[in-house]
Amino acid sequence: MTAATFAALFAALFAAHTIADHWVQTQHQADHKGCDSLPPGAAHPHCSVWRSRWHCTAHVLTYTATALGAVLVVAWRCGLDLDPYRLALALTVSAVSHWIADRRAPLRWLADRTGSGKFYALGAPRPGHDDNPSIGTGAYALDQSWHIGWLLVAALIAA
């Protein structure tokens, strides 16, 4: 592994992450991938564990395809010689860790156990109120930092 290979892979994975999470993911997937873990009254009436898991899986599949495309383009343009098995393992680690966080309940559980539960709830709409939902929440910040940390691991594996 060279530092340049690691840096190129991390850049590709990071760019793909932001594109896949904010442009490729459908609104329906975003709304339903963890809706079964929302507080009572906040979940969609038709939300179920299996539907929620399916929407999360669909998002992670498009997320991983976006990451693969970005890595392959960067590898081609930068002349990187990547081991396909290490790349497959790296993308699997990224996909599984992404799925876990995007199910929402595991990330909330982890935040509660590490002393970040209050930060997780920061800026969240209050149940029963017409608050303005925003991505400027503690949950969003913890979600994104979780993903980026695992992108670092994935880049180290693939490089």
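Let's start at R104, which sits in the loop between α4 and α5, the helix covering residues 105-113. Keep in mind as you look around that this is a predicted model. R104 has a positive phi of about 75°, although it is not a glycine. Most residues other than glycine have a negative phi, so that backbone angle is worth a look on your screen. Is R104 buried, exposed or something in between? With a relative accessibility of 21%, R104 counts as partly exposed, because buried would mean under 20% and exposed over 50%.

Now zoom out to the whole chain. How many helices and strands does the protein chain have? There are 7 helices and 0 strands, so if you read the elements from the N terminus on, you get α-α-α-α-α-α-α. The radius of gyration is 17 Å, close to the 15 Å that the globule rule gives for 159 residues, so the chain is as compact as a globular protein of that length. If you follow the C-alpha trace along its principal axes, it spans about 55 × 30 × 25 Å. Of the 159 residues, 36% count as buried. Take the contacts with a separation of 6 or more: residues 24 or more positions apart account for 73% of them.

Next, let's see how the helices sit against each other. Two packed helices are described by the angle between their axes and the distance between the axes. Begin with α4 (residues 84-102) and α7 (residues 138-158), which pack at an angle of about 165° with their axes 8 Å apart. Why is this pair called roughly antiparallel? An angle over 145° counts as roughly antiparallel, so α4 gets that description relative to α7. The crossing of α4 past α7 is right-handed. On the α4 side, the residues that meet α7 include L87, A90, V93 and I100, and on the α7 side they include W146, W150, L151 and I157. Sorted by class, this contact has 14 nonpolar, 4 polar and 3 charged residues.

One of the α4 residues in that contact is D102, and D102 deserves a stop of its own. Is D102 buried or exposed? Its relative accessible area is 1%, so D102 is buried, the cut-off being under 20%. Leaving aside residues up to four places away in sequence, D102 touches D21, K33, G34, C56, H59, D143 and H147. Two of these, D143 and H147, are also among the α7 residues that meet α4.

Another pair to find is α1 (residues 3-24) with α3 (residues 49-78), packed at an angle of about 145° with axes 8 Å apart. Their crossing is right-handed. From α1, the contact includes L9, L13, I19 and D21, while α3 contributes residues including H59, Y63, V71 and V74. By class, the residues here divide into 13 nonpolar, 4 polar and 1 charged. D21 and H59 may ring a bell, as both are touched by D102.

For a last stop, go to P127, in the loop between α6 (117-121) and α7. Is P127 buried or exposed? P127 has a relative accessible area of 56%, so it is exposed, the cut-off being over 50%. From P127, look across to A141, 14 residues apart along the chain: their C-alpha atoms are separated by 20 Å.

How values were computed: Residues numbered from 1 in each chain as written. Predicted model: local features only at pLDDT ≥ 70, side-chain atom pairs only at ≥ 80, totals over all residues. Heavy atoms only, no water. Axes fitted to C-alpha atoms, helices over the stretch in contact; angles between N-to-C directions. Helix = DSSP H or I, 4+ residues; strand = E, 2+ residues; numbered from the N terminus. Parallel < 35°, antiparallel > 145°, perpendicular 65-115°, else oblique. Left-handed = near helix turned anticlockwise from the far one by under 90°. Contact = heavy atoms within 4.5 Å. Nonpolar A, V, L, I, M, F, W, Y, C, P; charged D, E, K, R; others polar. Rg over C-alpha atoms; globule rule 2.2 N^0.38 Å. Buried < 20%, exposed > 50% of the residue type's maximum accessible area, 1.4 Å probe, protein only.
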